[in-house]
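Subject: Structure for you to look at

Hello,

Here is the structure I promised to pass on. Please open it beside this email and follow along.

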Amino acid sequence: METLTKEKTEVQKDKSIRVTGSEALLMALIAEEAKIIFGYPGGAIMPVYDKLMDYELQHKLKHILTRHEQGAIHAAQGFARVSGKTGVCFATSGPGAANLITGIADAFLDSTPVVCFTGQVYSHLLGSDAFQETDIVGISMPVTKWNFQVRRADEIPEAVAKAFYIAKSGRPGPVLIDLTKDAMLNELDFSYKKVDKIRSYIPVPETKQYEFEKAVELINSAKKPLALVGQGVILAGAEKELEEFVDKTGIPVASTLLGLSALPSEHPLFTGMLGMHGNVAPNVKTNEADLLIALGMRFDDRVTGKVDTYAPNAKKIHFEIDKAEVNKIINVDVAVLGNIKQTLPLITNLVNENCHEVWSNSFIPYKDEEKRRVINKELYPYNGKISMGEVIRNINETLNGEAVLVTDVGQHQMIASRYFNFKNKRSLVSSGGLGTMGFGLPAAVGAKFGAPDKNIVLVSGDGGFQMTLQELGTIAHNKLPVKMIVLNNNYLGMVRQWQELFFDERYASTSITSPDFVVLASAYGIKGEHVHSHNELVEAMQRLWNCDEPYLLEVHVAKKGNVFPMVPAGAPVDRMVFGDEK
């Protein structure tokens with residue numbers, strides 16, 4: 001375990017104040033401008049909550065009591081994703097701390113900056129299997145950027161300062177601070193200094209001049225370039241820089257799941273989403289391109305498909321802040337290291353203006369084919385049951401992109417991401433790398449606190465919604481006007497789809513019985529209604545958006561609707577299945 005140094009806390013005695021460790025923690029949060037905390041109290045962290053009550057009364061901090069610790073960490077993630085700030089959550093020791101792990105792992109894979117504070121038993125009891133003692137530092141080590149156990153009150157200020165710096169700097173991610181009970185109760189002379197540098201920690205790698213030169217040469221000489229946009233653009237706040245690069249070069253753009261909203265959906269050069277359930281044109285054209293420009297993305301397996309057949313004709317440039325991601329999955333010709341908000345404009349200034357009209361037009365037939373074979377049927381299913389895509393179309397027609405889309409994980413996630421009209425930046429909150437069912441509802445809670453002036457619409461499946469449905473209590477208690485749409489097909493839909501396609505329609509344990517979600521919401525005092533038909537959907541949507549309170553629509557969709565097109569697992573990325581093959 002790392003030992004804290006005193007290098008960053010050199011403050012004169014006359015600027016310090018005598019407080020307990022608990023109060024020092026809260027004062028440090030205020031110094032870091034972390035005013036919203038999501039959490040759940042318990043015995044080990046009770047001293048912090050006792051002091052927190054005073055700060056809430058003074059309106060210096062606001063604590064949101066979730067109904068489960070997993071809800072707290074997912075809410076902190078949702079807050080961070082829409083606000084661009086660092087999310088904060090509290091949990092007690094033992095089961096409370098352990099309940100954070102799924103969310104911490106999710107934040108780690110999706111590069112979400114969150115700082116988690118957990119209570120711990122008295123330091124003299126460590127290692128004794130005391131009541132509710134868990135080695136949360138050891139458990140969380142593989143899924144945190146940094147973690148540390150505070151055993152003395154005077155370690156708290158520097159630990160918090162380091163935590164916030166590490167969580168947000170470079171490639172963001174989760175940090176955990178575990179505080180023993182005596183560290184919370186004992187006193188210290190508190191003073192605070194933010195950290196802006198840590199010895200041996202280099203969050204942004206050095207950019208080499210020759211990388212720029214090689215990148216510019218490849219971009220200027222390319223005849224069939226394709227830009228692949230990932231969440232790194234959003235995390236860096238480089239949406240404007242991306243658009244300037246694209247507009248100057250005329251290069252078509254495709255997006256990973258978490259890169260969606262970095263460029264508006266209606267931008268003329270945006271070609272759609274990459275990957276297993278992405279759009280046909282960008283997937284096929286990946287393997288025709290002579291240059292791929294990866295912008296803040298990591299070549300995830302859901303994007304590349306079969307690696308040894310991926311983009312065989314293309315040179316590859318990788319803009320990346322994390323050196324560990326370079327050449328990890330796909331070998332590249334040029335690695336432009338650094339923060340893309342700084343590196344991309346330098347490239348934009350040097351490259352030639354271009355159009356690539358012939359190359360861009362070659363995407364159109366594939367778009368038309370997908371529209372004819374899949375999209376029209378999904379968005380306008382006039383016969384039979386409501387489709388998931390039809391619901392997303394109605395959202396678009398009502399809100400015109402003026403909303404933040406929060407999803408859970410499954411078929412609805414892919415459908416919503418494919419068809420939602422992303423108009424504004426940071427308008428998608430979804431679990432990517434870990435694919436965490438149950439993420440959606442608590443993440444929507446956090447998103448509303450992170451963007452209180454925006455419409456927050458949650459699209460969830462019946463399976464994922466039940467995993468964290470207790471957070472309806474958090475929504476009701478705080479009167480959050482979150483709009484919830486549960487697409488109920490009475491299946492664990494994505495698993496069922498795979499069983500249909502690859503397991504001879506053996507639907508093992510995927511048919512699911514759900515409660516009446518509208519009645520369930522009413523038990524929390526939340527309004528809602530069922531939607532069974534196409535005609536009911538439009539009017540129900542209007543009531544949903546016109547209500548200034550939380551509202552839940554349970555939309556009964558086709559039981560065996562599938563998400564197409566699809567790249568089967570292990571197949572080349574350009575071998576897409578449309579679902580209408582004979």
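Helices and strands here are DSSP runs, numbered from the N terminus; a helix has at least four residues and a strand at least two. You will need that for the names below. One more point before we start: this is a predicted model.

**The second largest pocket**

Start with the second largest pocket. It holds about 710 Å³ of space. Its lining has 26 residues. Ser265, Asn279, Ile375, Arg418 and Tyr419 are the ones nearest the centre. Four elements each give two or more residues to this lining: β11 (270-273), α16 (364-379), α17 (388-399) and α18 (411-419). Which of them gives the most to the lining? It is α16, with 7 residues.

The lining is mixed in class. It has 10 nonpolar, 9 polar and 7 charged residues. Two domains take part: domain 2 (209-364) and domain 3 (382-556) each supply at least three residues.

Stay with α18 for a moment. Is this helix buried or exposed? Buried here means under 20% relative accessible area. In α18, 9 of the 9 residues are buried, so the helix is largely enclosed by the rest of the structure. Arg418 and Tyr419 are among these buried residues. Both also lie among the residues nearest the pocket centre.

**A β-α-β unit**

Now go to strand β6 (residues 146-150). Here 5 of the 5 residues are buried, so β6 is largely enclosed by the rest of the structure. Both of its faces are covered. Trp146, Phe148 and Val150 are buried on one side. Asn147 and Gln149 are buried on the other.

What does β6 pair with? Its partner is strand β7 (residues 174-180). The two pair in the parallel sense, over 5 bridges. To see one bridge, find glutamine 149: its partner in β7 is aspartate 178. Add helix α7 (residues 156-168), and β6, α7 and β7 make a right-handed β-α-β unit.

**Another covered strand**

Strand β14 (residues 334-337) is also covered on both faces. Val334 and Val336 are buried on one side, Ala335 and Leu337 on the other. Strand β13 (residues 315-320) runs parallel to β14, and 4 bridges join them. In one of these, glutamate 320 has leucine 337 as its bridge partner.

**An open sheet**

Strands of a sheet pair through backbone hydrogen bonds, either parallel or antiparallel. Keep that in mind for the next stop. An open sheet is formed by 6 strands, in the order β16-β15-β17-β18-β20-β19, and the pairing is parallel. Which strands stand at the edges? They are β16 (428-429) and β19 (527-531). Each has a single partner strand, so one side of each is left without a neighbour in the sheet.

For β16, look at its pairing with strand β15 (residues 404-407). They are parallel, with 2 bridges. Leucine 405 stands opposite leucine 428 in β16.

**Backbone exceptions**

Most residues other than glycine have a negative phi, and most peptide bonds are trans. Three places here go the other way.

- Aspartate 129 has a positive phi of about 60°, although it is not a glycine. Look for aspartate 129 in the loop between β5 (114-120) and α6 (136-140). Its relative accessibility is 71%, so it counts as exposed.
- Histidine 356 has a positive phi too, of about 55°, and is not a glycine either. Histidine 356 sits in the loop between α14 (340-350) and α15 (357-361). With a relative accessible area of 10%, histidine 356 is buried.
- The peptide bond from phenylalanine 564 to proline 565 is cis, with omega near -5°. Proline 565 is in the segment after β20 (551-556).

**Two last residues**

Alanine 447 lies in helix α19 (residues 440-450). At 0% relative accessibility, alanine 447 counts as buried. Histidine 477 is in helix α21 (residues 472-478). With a relative accessible area of 57%, histidine 477 is exposed. Finally, compare positions along the chain with positions in space. Histidine 477 and glycine 525 are 48 residues apart along the chain, and their C-alpha atoms are separated by 9.4 Å.

Best wishes

Methods: Residues numbered from 1 in each chain as written. Predicted model: local features only at pLDDT ≥ 70, side-chain atom pairs only at ≥ 80, totals over all residues. Heavy atoms only, no water. Buried < 20%, exposed > 50% of the residue type's maximum accessible area, 1.4 Å probe, protein only. Pairing = 2+ DSSP bridges. Right-handed = clockwise from strand over helix to strand, strands pointing away. 1 Å grid on protein atoms, 1.4 Å probe; cavity = no way out; pocket = protein on both sides within 12 Å on 5 of 7 lines; lining within 4 Å. Points joined across faces, edges and corners; volume = space filled by probe spheres on them. Nonpolar A, V, L, I, M, F, W, Y, C, P; charged D, E, K, R; others polar. Domains from an automatic or database assignment.
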